[in-house]
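Biologist: I am new to this structure and should be grateful for a guided reading of it. May we proceed by question and answer?

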Amino acid sequence: MRRGCNPEVVAAMRTTRPPRTRKHRAALRKASEHQREKGHWWRPVATAFLCAIVVIVEPAFFNQAAVLQRTPLPQITQTAAAIAAPLRRRRSLPKPYLKDVSHDSLLSEGVVYRHMITGRGMFSVHVLELDLDVVNHDVVLLKARERFNGLERLKNIVARSDSTNPDSILGAVNANFWSAYGNTAMGPTVSNGEVVNLHSYKSWSSGFFDERNRLYIDRFKLDATLTFADGLEYPVVGVNSRRDSQAIVLYNVFAGGLVPYTPDVDEEVLLRELEANAPADGFDSTEAPIRLEELRSQMMEDRRRESIEYPLPKAVVEYLAPPLINRVVECRVRELAEGSVAMPYAGAIISFGSDFPAGVLPQPGDTLRLEVRTNVHDTVAFTHAVSGVPRLVRDGRARHEAKAEGATSRRFTRGALSRTAIGINRERDRLFLVSVDATNRRRGTRGITLDQLAPLMKKIGCQNAMNLDGGSSSTMIVGSRNVVRMGGEEFNRSISVGLGIARIHDPLAVFWRAAEPGGLKRSFRRSLLPLWLDFHRASLQ
């Protein structure tokens with residue numbers, strides 16, 4: 001025994017030691033193995049299963065090893081990088097990410113409709129994608145009742161457009177927010193180069209389309225001027241609506257058949273229509289309830305403006321060229337009149353305020369120069385424009401700008417609502433119209449917030465995107481069917497403005513569009529050649 005050890009501890013250790021004989025050790029080892037096999041009966045089964053896998057996989061493994069042995073090292077590295085790339089992209093996907101595509105259909109050459117289920121929250125998303133290189137399609141602005149203050153369901157707007165225009169609407173979505181009682185679109189609105197609404201609202205974003213249907217998103221502001229034959233220039237303070245008896249106001253086809261014109265509608269009938277068009281099921285929480293007092297006040301304001309406009313002098317003009325934003329449009333004066341004046345075909349009515357000197361009024365036969373300019377991108381000729389709030393994607397950065405644009409309502413920004421948005425890709429050759437369904441427990445889908453909509457638009461492929469009117473106004477018409485509200489369009493309210501994709505059936509119009517600089521080479525094989533073949537087959541029959 002070593003020095004310093006406790007004798008009692010040493011004695012206890014000796015008594016607890018296992019037996020030192022070989023016979024006792026063998027007995028203990030056999031008992032231990034029996035106990036392990038009794039408690040783990042699945043081990044032989046797992047061993048047999050692994051052996052079967054090895055027998056099956058081993059030949060393929062050795063064959064692959066032989067192939068790799070004969071493959072140069074750089075090629076193996078490239079193959080491994082290609083296999084790992086999707087995994088890296090999968091880890092870096094923004095939320096919500098695209099999870100499943102349930103429907104994909106080609107409406108026409110260059111126009112695709114997709115219905116997809118996205119994100120962990122299972123958002124039901126409808127996408128209309130337009131290839132801008134296919135020139136036999138056009139972006140169109142659809143105005144309700146063809147009036148600046150008209151409201152109509154989008155399905156009815158599309159049906160009326162198809163019945164009156166040679167081009168057919170393949171798909172459409174709702175666009176601008178609109179003001180209650182006045183029923184006017186909010187923000188700059190342009191259709192075929194003619195201004196529907198001139199004034200901006202707060203710092204909201206707008207989407208302007210050029211002659212090749214490319215989308216520009218910015219905080220646009222419009223300014224209009226009228227230049228007389230003697231070179232004097234006067235500002236145009238309003239379009240289709242006069243606030244007071246001062247300055248110059250322009251009225252175009254969206255003002256109606258007569259200027260001034262106020263429909264004689266009973267206030268009770270109008271109130272019932274507004275209540276029937278109120279947001280359903282609380283989807284759109286940004287609007288206040290309809291009040292009879294506000295309706296009466298708006299009707300009195302309309303009558304006041306009519307009484308102001310009636311005695312003012314007006315010049316009836318005809319356009320000498322199709323109107324465009326950021327381009328000078330020459331107009332020839334046909335006549336001067338007062339009172340109620342009929343709207344001319346392919347022309348406008350210019351109303352001069354009471355402060356305008358009578359001696360400088362234009363005379364019949366004079367040529368006036370009308371110009372509507374934007375504060376940004378003022379060198380680009382624009383044909384259509386819609387407005388919304390907020391911007392969702394700016395130059396690839398997915399972050400909404402609701403606070404900067406003045407939309408601070410918590411329910412509007414963070415509520416899980418049905419939404420509508422538009423965007424364009426980085427190469428500016430793909431346009432996206434997007435609608436997201438509202439919450440539907442039966443189908444297991446829910447609405448989307450602005451924080452979730454911004455990365456979704458980027459994932460779809462948008463380099464720049466903006467939000468449009470949503471909630472109960474969200475609608476997408478594909479063909480003649482409303483895909484957002486399954487069960488009929490009666491679940492959708494009337495809207496002020498729609499944005500659609502039309503197929504051009506006129507071969508001459510397609511040819512002139514393709515004949516633009518760079519357009520013929522880009523679109524001959526994809527647009528003109530199929531159209532020419534169809535025409536040739538029809539001529540042979």
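Modeller: Let us begin at glycine 461, which takes a positive phi of about 130° just after α9. The model is predicted, so that local features need pLDDT of at least 70 and side-chain atom pairs count only at pLDDT 80 or more, while totals for chains, interfaces and linings use all residues. Residues are numbered from 1 along each chain as its sequence is written, and side-chain values use heavy atoms, with hydrogens and water left out. Helices (H or I, at least four residues) and strands (E, at least two) are DSSP runs, numbered from the N terminus.

Biologist: How many residues of helix α9 are buried?

Modeller: Buried means under 20% relative accessible area, exposed over 50%, and partly exposed in between, with a 1.4 Å probe and protein chains only. Helix α9 spans residues 450-460 and is mostly covered. Among its buried residues are Leu450, Leu453, Met457 and Ile460. Of its eleven residues, the number buried is eight.

Biologist: Why is aspartate 451 classed as partly exposed?

Modeller: Aspartate 451 is found in helix α9. Leaving aside its neighbours within four places in sequence, aspartate 451 is in contact (heavy atoms within 4.5 Å) with His400 and Thr413. Aspartate 451 is partly exposed because its relative accessible area is 48%.

Biologist: How far apart in space are aspartate 451 and histidine 400?

Modeller: In sequence, aspartate 451 and histidine 400 are 51 residues apart. In space, taken C-alpha to C-alpha, their separation is 6.8 Å.

Biologist: Which residue in β23 is the bridge partner of aspartate 131?

Modeller: Two strands pair if DSSP finds at least two bridges between them. Strand β3 (residues 123-131) and β23 run antiparallel and are joined by seven bridges. Strand β23 covers residues 430-436, six of its seven residues being buried. The partner of aspartate 131 there is arginine 430.

Biologist: Which residue in the turn between β22 and β23 has a positive phi?

Modeller: Strand β22 (residues 419-424) pairs with β23 in the antiparallel sense over six bridges, and arginine 419 has valine 436 as its bridge partner. The two strands form a hairpin with five residues between them. The turn residue with a positive phi, about 60°, is arginine 428.

Biologist: Which strands stand at the edges of the five-stranded open sheet?

Modeller: The strand order is β4-β27-β5-β25-β26, with antiparallel pairing. Each edge strand has a single partner, so one side of each is left without a neighbour in the sheet. At one end, two bridges join β25 (residues 476-478) to β26, where valine 478 stands opposite arginine 481. The edge strands are β4 and β26.

Biologist: Which residues touch the most other members of the largest nonpolar core?

Modeller: A nonpolar core is a set of buried Ala, Val, Leu, Ile, Met, Phe, Trp, Tyr and Cys residues joined through side-chain atoms within 4.5 Å. The largest has 33 residues, and those touching the most other members are Leu226, Ile248, Ile350 and Phe352.

Biologist: How many residues are in the second, separate core?

Modeller: This second core is separate from the largest, and includes Val139, Leu170, Leu431 and Met466. Its count of residues is 28.
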